[in-house]
Each structure stands twice: as C-alpha cells, then as structure tokens.
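Reader: I should like a close account of a single part of this model, namely the sheet and the helices described with it. Please define each term as it arises.

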Amino acid sequence: MIYLVRGGNLMPSRDVWRMPKAGSLAWLRRDREDLADPGAGDVRVRVGAVGLNFADIFACMGLYSATPGGAFTPGLEFAGTVEAVGGAVSVFRPGDQVFGLTRFGAYATHVTVDARYLHPLPPGWTAADGAAFPVQALTAWYAIDELGALHPGDSVLVHSAAGGVGLNALALLRSRHAQVVATVGHESKRAFLVQHAGLAPHQIIVRDRRTFGAQLDAALEANRLTGFHLVLDSVAGPFFKPAYRRLHPAGRLVIFGSADLMPTSSRPNWLRLWWQYRSRPRVDPLAMISHNKSVMGFKLIWLWSQVDRLAPAYQVLTRDITAPPYIGRRFPFAEAPAAMRHLQRGENVGKVVLEV
Ligand SMILES: NC(=O)c1ccc[n+]([C@@H]2O[C@H](COP(=O)([O-])OP(=O)(O)OC[C@H]3O[C@@H](n4cnc5c(N)ncnc54)[C@H](OP(=O)(O)O)[C@@H]3O)[C@@H](O)[C@H]2O)c1
C-alpha cells in the first residue's frame with residue numbers, strides 16, 4: 001500500500017493512469033490519489049493485472065462514443081486480490097482472487113467496483129489470465145451465440161483472428177463445429193495461428209485491401225466452401241463489402257469494430273478520418289430483404305446495464321473455452337503508454353496486459 005501525507009495524517013493511496021480529457025494518447029499521465037473505503041455494495045481490489053482493449057485507445061483519442069466527458073482513467077477489465085469489502089457484500093472476502101469489469105478506471109493499482117461486476121478467478125489462472133478474459137471473451141460470445149445464430153457446420157469468416165477477440169472466437173467456433181476462414185493483417189500471424197490455434201494455412205488470409213474479394217474466393221475454394229453463413233467483422237473499411245457479398249442467403253454479418261479507422265499517431269488526423277468515414281461501407285436495407293442477408297452491430301459496454309447476464313455468459317465461456325487466454329505481451333504498469341502504442345500498431349497476437 002502507498003500512503004499520502006494529508007494534514008499530518010497518512011492516507012492510503014493508489015496510482016492511476018489518467019487522461020485530462022479525450023484527445024491524444026500523449027496526454028496520458030500517471031497520478032497518485034486517495035483511496036476511499038468501499039461503499040456498502042462495493043469491493044476494493046488490489047489489481048494484479050489490467051487487460052488492454054482496442055477501445056482504450058479509441059477512448060483516449062475521443063473516438064469511442066461511451067468515453068466519459070472530462071478527465072477519466074482508461075481501462076475496462078482487471079484482476080487481482082480483494083482487499084476490502086463494503087458492509088452489504090457477503091460473496092467476497094479479503095484475500096479472494098477475482099477478475100472484473102469496470103466502466104472505465106481499470107488502469108489503476110486499486111479498483112473499487114460494485115461486487116456484481118466481479119467473478120472468482122478460475123482455479124489455476126493467474127491475475128494476467130483473469131484480466132485478459134472478460135471483455136474479449138464476452139465480445140466473441142455475444143457475436144457468435146447471441147447474434148450469430150450458428151448451426152453446426154456453418155462457415156464463418158473471422159477477422160483479426162490472432163487478436164484477443166479473434167482467438168476467443170476461434171475457440172468458441174471450434175466447440176460449435178464451425179468451418180472457419182480467418183484473416184490477419186501481417187504474414188507473421190499466419191504461423192502463429194497454425195501453431196497456436198490449430199488452423200491449416202489455407203484457412204488463413206493475410207488481408208490485402210485491394211484484392212480482398214479475390215482472396216476470399218481463393219480461400220473459399222481451398223476450403224471447399226461456397227460462401228459464409230456468418231462474418232465477424234471488427235475491421236470494416238474496404239473489407240466489409242467483399243465479405244457481405246459472399247454471405248450465403250440467410251447469412252449474418254456481425255460488425256462490432258472498425259479497426260481500419262485506427263489512427264497511426266497519438267491523435268486522430270481528422271481530415272483523413274472524415275474521408276474514411278465518408279467512404280464507409282453502406283448497405284441498402286431493402287436490398288438486404290431481397291438478398292436475404294442480415295447485418296447486426298453491437299457495443300459490449302451495453303452489458304454494463306445487464307449485469308445479471310454476466311454470470312451465465314461466463315459459465316458458457318469457461319465451459320467452452322478450456323485454456324486460459326493467450327497473452328502475447330506483458331508490460332509493467334509503469335509502461336502503459338508503450339503498451340497502448342503496441343496495441344495501436346496492430347502488431348499484437350493475443351492479449352496485451354499491464355502487470356501491476
Ligand atoms: N463492439 C464492441 O463492444 C467491441 C468489444 C471488444 C472489441 N471490439 C473490437 O474488436 C476488435 C478486436 O479487439 P481486441 O481488443 O481483441 O484487439 P486485437 O484484435 O487484439 O487487436 C486489434 C487488431 O486489429 C487489427 N487491425 C486491423 N486494422 C488495423 C489498423 N489499421 N491498425 C491497427 N490494428 C488493426 C490488428 O490485427 P490484424 O492486423 O491481424 O487484423 C490488431 O491486432 C477491435 O476492432 C475492437 O475495437 C469491439
């Protein structure tokens with residue numbers, strides 16, 4: 001525990017990474033602040049690891065609609081040890097190992113949240129495993145089980161398959177006997193997917209924005225498929241339409257990200273973004289009827305207000321995803337900005353975590 005001297009008294013404190021307001025990654029600052037006792041239904045967790053998400057970067061740049069106005073601490077998920085519990089909390093005790101969700105605020109050495117957003121760490125998992133789990137596993141679950149309406153044997157296109165959501169999606173799809181074609185942005189990730197996710201090389205496309213349609217046709221032929229029943233699109237841009245065109249009748253395209261819009265520097269180039277936004281993919285809803293295809297979108301942060309759905313979802317996920325999450329890079333807490341830049345460059349495989 002770190003203490004601050006206030007009026008001659010020693011006050012417990014915590015370290016946080018703070019944005020004065022959304023705008024530029026370069027504004028992220030480390031700060032020290034008082035640690036309050038948990039409220040009646042709350043639990044204070046001494047954080048062992050923080051899970052990074054693409055959304056953290058979009059939030060810091062002001063490109064994520066759920067970002068708080070004014071100053072905020074990024075971070076949606078963490079894991080660690082329960083340090084103190086509020087008077088109304090009976091399910092956790094100091095010393096329990098937990099992972100949890102928070103609507104921002106996870107880039108901190110201590111996090112206080114409503115106990116309903118915490119879950120016991122599965123046996124044998126480290127804090128890094130726990131911090132790597134909830135957001136990306138829930139995203140894959142929501143896209144595949146809640147929206148995807150998958151049938152055994154369905155063919156599925158998974159973008160960014162070597163990333164956090166992607167690996168969870170592959171694991172869920174394996175347990176549901178789907179036929180998968182995966183895309184990645186770099187050749188190096190192909191070997192990773194072969195070794196780590198058990199895909200055959202002909203199941204993997206290294207995306208090329210100019211020839212993506214032809215790449216899809218070649219992959220469909222190599223895998224003896226004639227189209228996709230489900231597309232999991234987190235990239236958008238020029239990759240949306242070619243995949244949509246190759247949906248089977250009654251096919252579903254679930255879109256939940258737009259990684260193609262990720263700025264390459266610490267703050268957005270608004271002119272370039274405006275141009276990309278203007279040329280974003282569009283679908284005619286009336287044509288969707290005649291083509292018999294669906295497009296669905298979601299943002300996971302909505303589940304924050306549906307807290308009762310978390311426990312059953314975790315039950316499905318820990319049943320069907322048998323291995324702990326794959327952690328591609330660990331950074332010390334002090335190096336949060338470097339960890340975010342690593343994720344921003346799209347070079348990661350698996351999850352990126354901060355270890356406290
Ligand atoms: N809707 C929601 O609520 C929700 C929730 C969680 C995640 N997501 C979205 O799901 C996607 C995956 O999230 P994640 O946290 O698991 O991240 P991740 O997949 O581990 O990392 C992001 C990946 O995006 C890909 N990418 C494509 N174009 C890129 C570009 N121009 N710049 C940088 N990277 C680019 C890169 O993989 P490749 O180059 O190999 O494709 C990169 O590794 C993200 O788009 C995220 O925004 C949405």
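Author: Helix α6 (residues 212-222) lies across β9, β10 (179-184), β11 and β12, where contact means heavy atoms within 4.5 Å. Helix α6 runs at about 160° to β11; axes are lines fitted to C-alpha atoms, for helices over the stretch in contact, and angles run from 0 to 180 degrees between N-to-C directions. Helices (H or I, at least four residues) and strands (E, at least two) are DSSP runs, numbered from the N terminus. The model is predicted, with local features needing pLDDT of at least 70 and side-chain atom pairs counting only at pLDDT 80 or more, while totals for chains, interfaces and linings use all residues. Residues are numbered from 1 along each chain as its sequence is written, and side-chain values use heavy atoms, with hydrogens and water left out.

The strands that α6 crosses belong to an open sheet. This sheet has 6 strands in the order β11-β10-β9-β12-β13-β14, with parallel pairing; two strands pair if DSSP finds at least two bridges between them. β11 (204-206) and β14 (294-297) are the edge strands, each with a single partner strand, so one side of each has no neighbour in the sheet. From one strand to the next, the twist averages 15°.

Within the sheet, β9 (residues 155-158) and β12 (residues 228-233) run parallel and are joined by 3 bridges. In this pair, V156 of β9 is placed opposite L230 in β12.

Elsewhere, helix α3 (residues 134-147) packs against helix α4 (residues 164-175) at an angle of about 50°, their axes 8 Å apart.
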